[in-house]
Amino acid sequence: MSSSSNGRGRASTGAYDGTYGGASALVSDPFDYLPELAPLRPAAQAGDWPAVRAFFTGLDSAEKVSYASGLLSDIAGVEGFLERAAAELPGDPLPRTLLARRYIGIGWDIRSAARAKHVSRDQFDQFHAWLRKAEQLLIEVCAEQPAYAPAWTARLITARGLELGQAEARRRYDRLSAHHPHHYRAQLQLLQQVCPKWSGSWEDAHGFARECASAAPDGSVTGALVAEAHIEHWLDLDSGADAAYMRGLPVRDDLRFAAEVSVLHRDHRPGWDTVGAHSVFAMAFSIGGHLADAAPHFAALGNRVSESPWHYLPDWRGQFTKFRKNALATL
């Protein structure tokens with residue numbers, strides 16, 4: 001595919017000035033590289049519901065609410081004050097959705113990120129119990145607020161974890177996309193669902209990613225789904241075949257097109273998902289040996305990086321630093 005056929009242009013990223021630090025200088029915590037998030041973590045850790053609520057109600061998009069609710073779900077202990085808030089505000093979708101996301105986080109921590117064959121029966125039982133608690137809250141929210149994207153996004157996670165199947169996950173995504181057709185956080189969740197590890201197929205995964213990238217407005221981060229799908233495919237291949245796959249020209253050209261219509265497009269405006277999008281493109285091009293293509297993404301990142309998907313590599317910080325140095329030398 002060629003970006004020129006759609007009249008889509010590449011943005012200038014500037015030149016590397018040689019000032020980036022090493023692996024120890026990398027900033028991978030969104031709370032550190034996104035200043036707008038600064039009030040959320042201390043308020044959550046203090047159990048200050050009014051401050052947490054004020055933060056979320058001050059956000060200007062459903063995308064940001066979904067993004068921040070995912071971060072909040074990883075903060076230990078927040079379920080206590082969220083349970084109280086949900087009980088005190090029964091008509092408000094926010095506390096129930098945030099509580100459901102936290103229950104999902106607790107469940108997934110118990111399950112772990114291991115493949116199913118390495119997860120014990122007791123882990124699965126506890127995992128499913130937490131997800132069912134979350135699902136009950138989310139069912140109520142979605143019935144009351146059918147356009148509430150953060151709740152539907154969370155229900156894509158519970159659908160996957162409870163193994164409700166491809167048709168049900170698609171149904172949930174369709175309900176969300178009817179109101180929010182380019183909701184990136186939801187698209188990331190459905191992409192996981194349609195991969196073979198969750199009973200999907202590579203045809204479905206790559207097809208969904210390309211469909212989303214093609215339909216999205218120029219300059220959105222949605223093109224990063226294409227890189228996410230290729231990295232998922234790479235992870236599923238045996239050693240040797242994985243490297244050959246990423247080096248292949250069809251994969252390179254797919255990544256080039258996706259990057260040019262998204263974060264390298266002149267209409268791209270940096271947002272909360274920009275670091276993650278540049279990170280996945282930088283990794284996908286790097287492990288395929290396409291260092292010149294990786295360079296503009298590293299230049300845009302500087303010392304910032306999303307731990308996902310780089311954490312799939314051993315000593316990922318060291319590898320990020322090495323790939324960055326070699327890629328930027330091509331500029």
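Which backbone nitrogen does a side-chain oxygen of aspartate 48 reach at the start of helix 3? In this predicted model, the partner is the backbone nitrogen of alanine 51, and the side-chain oxygen of aspartate 48 comes to within 3.2 Å of that atom.

Helix 3 itself spans residues 49-57, and its buried residues are Trp49, Val52, Phe55 and Phe56. Viewed down the helix axis, these buried residues fall within an arc of 125 degrees, so they line one face of helix 3. The face turned away from this buried side carries Pro50 and Thr57, both of which are exposed. On the buried side, the residues of helix 3 pack against four helices: helix 2 (40-45), helix 4 (62-72), helix 5 (79-88) and helix 6 (93-111).

Two further residues, each within a helix, were examined individually. Histidine 206 belongs to helix 11, which covers residues 202-215. Its relative accessibility is 9%, and histidine 206 therefore counts as buried, the cut-off being under 20%. When residues up to four places away in sequence are not counted, histidine 206 touches Ala229, His230, His233 and Tyr245.

Alanine 284 is located in helix 15, comprising residues 274-287. Alanine 284 counts as buried because its relative accessibility is 0%. With neighbours within four places in sequence left aside, the contacts of alanine 284 are with Ala227, Ile231, Met246 and Leu255. Arginine 160 is separated from alanine 284 by 124 residues in sequence, and the C-alpha atoms of the two residues lie 25 Å apart in space.

Terms used
Residues are numbered from 1 along each chain as its sequence is written. This is a predicted model: local features need pLDDT of at least 70, side-chain atom pairs count only at pLDDT 80 or more; totals for chains, interfaces and linings use all residues. Side-chain values use heavy atoms; hydrogens and water are left out. Helices (H or I, at least four residues) and strands (E, at least two) are DSSP runs, numbered from the N terminus. Buried means under 20% relative accessible area, exposed over 50%, partly exposed in between (1.4 Å probe, protein chains only). Contact means heavy atoms within 4.5 Å. The arc is that of the directions from the helix axis to the C-beta atoms. A polar contact is a pair of N or O atoms within 3.5 Å; within protein, one must be able to donate a hydrogen and the other to accept it, and residues adjacent in sequence count only if both atoms are side-chain atoms.
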